[in-house]
Structures are given as structure tokens and as C-alpha cells.
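Subject: Structure handover and findings

Dear colleague,

Please find below the structure I am handing over to you. My findings follow directly after it.

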Amino acid sequence: MKKLIVFFMIFCSLQIIAQEKPTLFLIGDSTMSDKKDPDKNPEHGWGQMLPELMTSEIDIENHAVNGRSTRNFIAEGRWEKVREQLKPGDFVFIQFGHNDQKVNDPARYTNPFTQYRSNLEKFVRETREKGATPILLSSIVRRNFNENGVLVDTHGQYPLVVRMVAEDMNVPFIDMQLLTEQLEISYGSQNSKQLHLHLEPGEDPYEPKGVTDDTHLSKTGATIVATLALQEIARQDLELKKYINDDVLSREILGDPSVGDVVYSEKIPWRKALRQEEQWYGSKEAQRIADNVLLYQHHNGGWYKNNDMSNELTPQEKEDLIEAKAKDAGTTIDNGATHTQLRYLAKVYKATGKEEYKKAFLKGVDFLLEAQYPSGGWPQFYPIKKGYYEHITYNDGAIIGVMRLLRDIAKNEEPYTFVDAGMKKKARKAVDKGLEIILATQVKVDGKLTVWGAQHDKKTLQPAKARAYELASLSGKESAEIVRFLMEIENPSEAVKTSIRSAMKWFEDAKVTGKRVEWIKGSDLPEGRDRIVVEDPEGGPLWGRFTEIGTNKIMFIGRDGVVKYNLDEIEHERRTNYSYIDNYAEDLLNEKYPEWEQKHTSQK
């Protein structure tokens, strides 16, 4: 009888094990990883989309992390954490390469034929030792079209090595390089932007400064890439196939003649107006919005801020706007105003050829040129509004937004080719003067260059106070955007190179790790939510919007103007309505700066 009971218990245990759901583990870099604030954040990793595309009969754990190569994924103990959880029947997606090629970063770089290969073999071997199934994937391509519209590879030998390991160790191999190469080419050099992050300043509230990123994916791009990966798994008839939703397998992507075509709703919100297909700008809806933009433009050529240009206007509202045109006080470059409207008008003029749009555009550019200080900076408002509005204003990307527009005009970029040579020359001079003030306002502490304040006094050029909770300080947010702009300079001077390197040294020194910013919800909280900073061993890097000059302490300042050093010490309204701490420069530190340094070190 005892033997029968023992046998029955063993049988039940085996049944429980057999019924336990398998887990698909993902290890890799930022192109695969989960992104924070998925409901708001325009960036998504393709692995982030898998739960929507697969059945509930499999669990998915995404351990992919921004900036990781095979080397530091192992060194940081991330692989060991995954390995310890593996059980028979699980699966592991292995996709690295973007960061293994960072030749100037000893913490991440691996030689493709030695350490990189060895690390891949380690992942495969140790996955199998736990009874799980490894699946190797090559990296997705970057959107890197040359002037002839040819997609140019950026990964060198790394995808080849993944293929070699897969063949030598008899591992399932998903050629994501090939699949995404075909995807990018099918969309073309212009339409493929929608697969990635191409946002103008002010276009998306999550990225108010705008962003141009040809490595990472939009939600649309991430969904399509994830679908391609799953369809290839099904095509190879791998065991994982049975966990893929049926509708995913029936979707037509590559080879579908409609790929790249975008169907727009009739009404487009202003925040998306700079993100449409080129042909859309000739549509009636585009011209309706452009006509609104003309109504909102003041006689001096500028615009007020925080107006939705896409709103349907009543006859009375139109009359009011016409009457307000003469009231120039309040025209500004703050919150994306003026330079965003000008970018839109240029697109619609190119599509329609209507002279009223061109005329308004040129008038707006004249406004920007006139508003520039002789020193090279711009005030927040023009005509000058007394008070902190007179400061040279980097806050919320004001000056950088203007300089990017003027730079594109000076370089004869589309859609600004209609601008005459005289104005292009003025734009080029304005950008040169703007660059001078950027270099002149970079703050020195103990004789060493650091970064910038959100605003600087127009005379002393020192960081200056604005509102009560915006004290003179070093700004992580605004400084990160300035560095991005400087890195875009094609042939930087030695002064610019020194500026970038000094700023990045400050970002490294001032970063906060071991913490993360979290939104919490609760019926007992005002407005039902709060923003807090919590301890997290894997959290960061984070920087302060306002950082104390000399100490690099993050300052949290409420409406009383009193400096505190913890977020929970200031009032709830400020915590939830203003960004004091975030990962402002994470992409610079982990990706953009190493790539820039590699490029400009190799040019020596």
C-alpha cells in the first residue's frame, strides 16, 4: 500500500511538471527590450510585442536590456539570472551584436570570431544543459540608406558568426538581418522612417525635443519585426510554432504590394502633423491645417505657444485670430512654437506649390533671424518680454529646435530647397553664431567644462534662474539635447569635440544608479497617482533636470523655491506635473557617444 501511495505521489508530481507552462526567455539588447511607459512611449523593442502575438499557453520573460553586448550581459550576472530559472521545455531567444561591435568600449566590445562566438556558444551550451531550447537570431538591420537609396550594412562579421555557431552546434537560426533588410528595402528610404523613431520637436509629447533614431523601432516597426520572427519560426516548423496566434501566421508583410502604404484617418492631430507620408501634405486636410497655421501667425512672423493648429475653427474664432495678429507680445520659440509651424508650412508648400505658404514660411524665418541676440543666443519670447524670458533659453529644446531648422535650411535639405541663396546664407551665419554661444555658455566648474543650464543670463552667460522652481543649475535634460545637436555636426572643430567629450565626462560623473522613477496609482492619492523614486539595483542611469553646480546633487524644487534633495519632499502637484529626474542621457552614454567617439577617433 505504501508503495502505491509513493507511486501515486510521484505520478502526480510528474503530471504537475508536465502541465507547467513553458517560458520563452529573451536575452539581447535595446532593439529587443521592453521600454518603459509603453502606452505613451513611441519606442518599442520587438520582443516587447511578443505577448500580443503569442498564446497564453506560454510565458514570456524579456531580459533584453539597452546597451548590452554578450560581454556585459554575462559580466553583470544577467545571463546567470536567466540560466538559474531555465527548466526543461523552455526556449531562449539569443540576439546580440549591436553593442558587441563597440570597439572603443572595453566593457562591451567582443571580437566577432573569438569572444563573441565563445559567448554565443556558452548561451547555447548552458541552455541545453537545463533541458531548454536555444534559438539564435542575427541582429536587425539599421535604417542606413546611402545617397543612392541603397541599404548599407553596419554589422560587419557579427551576423555571419551567429550563422556559423548555429550551423556548427545545430541550433535553430532566425536570420533577422535578412528579414529586416528585406523589410527596410520594401518600405524604401523614406517610408521606412515609420518603422523607426523620426519625430519632429513638439510632435509627440513623450519626445518633446523630437528624435531621429534609425536603430530603434516604433511600435509599428516593433510589431512587424516581431511578426517576421514568428513567421520564420513557423516556416521552419519549430516546436515554438504551436504558441503563435493563428492570425500572426496569416499576415502578409514581405512581398505584399501594399507594404509601405499608409492609410491615414481623415483628421490628423497637430502632434502628428509632421509625421505623415510626403503625399499627404498635398491633401485637403493638410491644407486645412496649413490655413489654420496662417491664421495663427502674427504680423511679425512668429506664433504663440500651446495652440493646436489642427482644431476645427469657427467663423468667430477665425475673426478673433485675425484681430490678434497685430498683438506680437507673446510670440515665442518655447514649447516648439514657431520652428514647428515653419517645418509644417515647408512640407505643405513643397506638396502644393501655393505661394501663401511659402510667403508665411519666409516671414517666420525672418522672425527667427531677427530674434537672435548678437551673441548668438535666442530669448524665449520676441519681442523681448522682460524678466527671465530675456535669458538665452535652452529650456525645452527652444534654441536647439530653432538651430536644427536653420541648419537644414542652410544645408539645402528637403523640403527647404525653395529658399533663396540670400536667406540660406543668413541661416548659416545664424547657426554659426548659435554654435558660438553654445560653446561660450558651457559651464566651467573648478576650471573644467561641464554642461549647460536650462537658461543663461544674456550678459554674463552664466546659468540663470527662471520660475521659482527653476533655479540656476546644470540641466541634464537640456544638456543632453545640446550634446545630440553637437554630435550631428559633420566636421566638428576641436572646440566642439572638446565640448562633447567634457559634457559626456560630466554625464558619467553625475549619473545616479541603483534607483528608478516609478508612477504609482491609488484611490487615496490626489488625482489617483504619484511619482516616486525607488531603490532598484538595476535602475538608472538617471540625471537631474536641475543639478547643483559644484556638487552634482539633484535638486528638487517646489513652488516655494526651496531646494530639497528628495522627490518626496516637494508638493504632489510638482512631482506629477514636472520632470525632475529621468534617464535623459542614457542613449548618449550607452550608444550615441561611443559611436561618435569611434567615428571621430578613426578620423585622426
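The largest nonpolar core has 81 residues, and those with the most contacts inside it are Tyr344, Phe361, Leu406 and Leu486. Two or more residues of this core come from each of the helices α10 (284-296), α12 (339-352), α13 (355-371), α14 (398-410), α15 (421-441), α16 (476-487), α17 (494-510) and α19 (586-602). Helix α14 contributes the largest share, nine residues. Please bear in mind that this is a predicted model.

Leu406 serves as an example of the contacts in question: leaving out residues up to four places away in sequence, Leu406 touches Val365, Leu369, Trp378, Ala427, Ala430 and Val431. There is also a second, separate core of 36 residues, which includes Phe93, Ile174, Tyr187 and Ile224.

Helix packing

Two of the helices that supply the largest core, α10 and α12, have axes that come within 10 Å and cross at roughly 135°. That angle makes α10 oblique to α12, because only values over 145 degrees count as roughly antiparallel. The crossing of α10 past α12 is left-handed. On the α10 side the contact is made by Ala286, Gln287, Ile289, Ala290, Val293 and Leu294, and on the α12 side by Gln341, Tyr344, Leu345, Val348 and Thr352. Sorted by class, this contact holds eight nonpolar, three polar and no charged residues. Tyr344, listed here in the contact, is also among the residues with the most contacts inside the largest core.

Helices α7 (residues 176-191) and α8 (residues 219-235) pack at an angle of about 130°, their axes being 10 Å apart. This pair is therefore oblique as well, but the crossing of α7 and α8 is right-handed. Met176, Leu179, Thr180, Leu183 and Tyr187 of α7 meet Ile224, Val225, Leu228, Ala229 and Glu232 of α8. The classes here are eight nonpolar, one polar and one charged. Tyr187 and Ile224 also belong to the second core.

In a third pair, helix α5 (residues 112-129) packs on helix α6 (residues 158-168) at about 45°, with the axes 10 Å apart. These helices are therefore oblique to each other, and their crossing is right-handed. The residues in contact are Pro112, Phe113, Tyr116, Arg117, Leu120 and Glu121 of α5, together with Tyr158, Val161, Val162, Met164, Val165 and Asp168 of α6. By class, the contact of α5 with α6 has nine nonpolar, no polar and three charged residues.

Two buried residues

Thr110 is placed in the loop between β4 (91-95) and α5. With a relative accessible area of 0%, Thr110 is buried. Apart from neighbours within four places in sequence, Thr110 is in contact with Thr70, Arg71, Asp100, Gln115, Tyr116, Asn119 and Tyr158. Of these partners, Tyr116 and Tyr158 also take part in the contact between α5 and α6.

Val92 lies in strand β4 and is likewise buried, with a relative accessible area of 0%. The C-alpha atoms of Val92 and Leu24 are separated by 5.7 Å, although these residues are 68 residues apart along the chain. Residues up to four places away in sequence aside, Val92 touches Leu24, Phe25, Ile27, Trp79, Leu86, Thr127, Thr133, Pro134 and Ile135.

Yours sincerely

Technical notes. Residues are numbered from 1 along each chain as its sequence is written. This is a predicted model: local features need pLDDT of at least 70, side-chain atom pairs count only at pLDDT 80 or more; totals for chains, interfaces and linings use all residues. Side-chain values use heavy atoms; hydrogens and water are left out. A nonpolar core is a set of buried Ala, Val, Leu, Ile, Met, Phe, Trp, Tyr and Cys residues joined through side-chain atoms within 4.5 Å. Buried means under 20% relative accessible area, exposed over 50%, partly exposed in between (1.4 Å probe, protein chains only). Helices (H or I, at least four residues) and strands (E, at least two) are DSSP runs, numbered from the N terminus. Contact means heavy atoms within 4.5 Å. Axes are lines fitted to C-alpha atoms, for helices over the stretch in contact, and angles run from 0 to 180 degrees between N-to-C directions. Angles under 35 degrees count as roughly parallel, over 145 as roughly antiparallel, 65 to 115 as roughly perpendicular and the rest as oblique. A crossing is left-handed if the near helix is turned anticlockwise from the far one by less than a right angle, and right-handed if clockwise. Ala, Val, Leu, Ile, Met, Phe, Trp, Tyr, Cys and Pro count as nonpolar, Asp, Glu, Lys and Arg as charged, and the others, Gly among them, as polar.
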